[in-house]
Amino acid sequence: MSELTIQPAAVPTHVGIIMDGNGRWAKQRKLPRTSGHKAGVEAARTAILSAIKLQIKYLTLYTFSTENWSRPESEVSYLMGLLRIHLQTEKSFYQKNNIRVLHLGDRNRLAPDLLEAIDQVVDATKNNTAITVVIALNYGGRDEIIRAFRKCTDPAELTEAGLAQLLDQPQLPDADLIIRTGGEKRLSNFLLWQGTYAELIFDDVLWPDYDETSLKAHIAEYQKRTRRFGGLNKEDEHE
């Protein structure tokens with residue numbers, strides 16, 4: 001395969017990834033689903049380092065949705081424990097690579113020890129500047145919008161800009177590109193507000209197999225797209 005050409009000036013500022021396929025990856029190898037989730041954490045690490053190389057400034061990873069609570073209790077418990085341990089043990093990784101971490105999602109249903117791990121990493125990395133990694137944990141796009149409305153004191157005066165300031169991370173720019181692995185072609189309640197005009201790429205690769213080459217290919221595809229944001233470009237005006 002020839003080397004992909006990436007135009008640094010046209011790299012998306014904010015990329016969101018729906019990390020799908022951990023369970024199927026494990027099943028193909030006759031391993032427990034927990035092995036797939038563990039491999040998925042390593043793939044996330046690779047994606048973060050690859051995004052830094054490509055100078056992507058924001059990377060939002062769909063880690064656990066508000067709907068994922070319906071999974072078997074044993075799997076949910078494992079995932080929460082895996083995330084807590086990852087956050088506790090990876091501080092040096094975030095600091096070494098100048099990574100800022102933010103949390104996106106409803107805190108209310110998360111265990112106190114997991115919230116403590118999140119808060120410690122967020123605080124420890126708040127001054128890092130290479131990339132902002134947003135962990136979407138107990139997150140749903142509809143849920144985020146509803147919670148934002150509940151913060152509003154005067155709904156009659158609410159504007160789009162005003163509502164955006166009430167979202168979980170108001171400083172987060174709109175997503176330029178949303179990628180979903182695992183072969184499914186839906187957003188599954190991910191970044192519904194921030195991803196209104198995002199370019200969408202769906203890939204059959206299972207998340208644990210996602211690597212730097214995969215991300216480069218998706219950025220190259222993104223750079224072929226024409227983004228109109230509901231308007232027309234100059235070529236369209238003359239058609």
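**Contacts, burial and salt bridges**

Trainee: Leaving aside neighbours within four places in sequence, which residues is L137 in contact with?
Mentor: This is a predicted model, so keep that in mind throughout. Contact here means heavy atoms within 4.5 Å. Sequence neighbours of L137 within four places are set aside, which leaves F64, M80, L83, H103, L104, G105, D106, L110, L114 and I118.

Trainee: Does L137 count as buried or exposed?
Mentor: Start with its place: L137 sits in strand 4, residues 131–139. The cut-off for buried is under 20% relative accessible area. L137 has 1% relative accessibility, so the verdict is buried.

Trainee: What distance separates the C-alpha atoms of L137 and Q7?
Mentor: Count along the chain before you look in space. L137 and Q7 are 130 residues apart in sequence. Their C-alpha atoms are separated by 32 Å.

Trainee: Where does E75 lie, in which helix?
Mentor: Look at the span that runs over residues 73–89. E75 falls inside that span, which is helix 3.

Trainee: Is E75 buried or exposed?
Mentor: Again, buried means under 20% relative accessible area. E75 has 9% relative accessibility, so E75 counts as buried.

Trainee: Which residues does E75 touch, not counting those up to four places away in sequence?
Mentor: E75 and S35 are 40 residues apart along the chain, and their C-alpha atoms are separated by 11 Å. Now take contacts, leaving out residues up to four places away from E75. E75 touches R33 and H37.

Trainee: H86 lies in helix 3 too. Which residues does H86 touch, not counting those up to four places away in sequence?
Mentor: H86 has 17% relative accessibility, so it counts as buried. Leave out residues up to four places away in sequence. H86 then touches V41 and Y94.

Trainee: Which residues does R147 touch, not counting those up to four places away in sequence?
Mentor: R147 lies in helix 6, residues 141–151. At 14% relative accessibility, R147 is below the 20% cut-off, so it counts as buried. Set aside residues up to four places away, and R147 touches G105, D106 and D168.

Trainee: How many salt bridges does the structure hold?
Mentor: Side chains of opposite charge can pair when their charged atoms come close. The cut-off is a side-chain nitrogen of Lys or Arg within 4 Å of a carboxyl oxygen of Asp or Glu. Salt bridges in this structure number 16.

Trainee: Which residues are linked with D20 in a network of salt bridges?
Mentor: Take one pair first: the side chains of D20 and R24 meet in a salt bridge at 3.3 Å, N to O. D20 is buried at 18% relative accessibility, while R24 is partly exposed at 35%. The network links D20 with R24 and R180.

Trainee: What is the N to O distance in the salt bridge of R186 and E184?
Mentor: R186 is partly exposed, with a relative accessible area of 45%. E184 is also partly exposed, at 28%. Their side chains meet in a salt bridge with an N to O distance of 3.1 Å.

Trainee: How many residues apart in sequence are the parts tied together by E199 and R225?
Mentor: The side chains of E199 and R225 meet in a salt bridge, 2.9 Å from N to O. E199 lies in strand 6, residues 199–202, and R225 in the loop between helix 8 and helix 9, so the pair ties together parts of the chain. E199 is buried at 15% relative accessibility, and R225 is partly exposed at 28%. The separation in sequence is 26 residues.

Trainee: Now the whole protein. What radius of gyration does the protein have?
Mentor: The protein has nine helices and six strands. With 239 residues, a compact globule would have a radius of gyration near 18 Å. The protein agrees with that, at 18 Å.

Trainee: What percentage of the residues in the protein are buried?
Mentor: The accessible surface comes to about 12800 Å², with 50% of it from carbon and sulfur atoms. Burial is counted by residue, over 239 residues. Buried residues make up 48%.

Trainee: How far apart do the centres of the positive and negative side chains lie?
Mentor: Count the charges: 30 positive and 32 negative side chains. Each set has a centre, and the two centres lie apart by 6 Å.

Terms used
Residues are numbered from 1 along each chain as its sequence is written. This is a predicted model: local features need pLDDT of at least 70, side-chain atom pairs count only at pLDDT 80 or more; totals for chains, interfaces and linings use all residues. Side-chain values use heavy atoms; hydrogens and water are left out. Buried means under 20% relative accessible area, exposed over 50%, partly exposed in between (1.4 Å probe, protein chains only). Helices (H or I, at least four residues) and strands (E, at least two) are DSSP runs, numbered from the N terminus. The radius of gyration is taken over C-alpha atoms; the globule rule is 2.2 Å times the number of residues to the power 0.38. Accessible areas come from the Shrake-Rupley method with a 1.4 Å probe; for residues, only the protein chains shown count as cover. Lys and Arg count as positive and Asp and Glu as negative; His and the chain ends are not counted. The place of a charge is taken as NZ of Lys, CZ of Arg, CG of Asp or CD of Glu.
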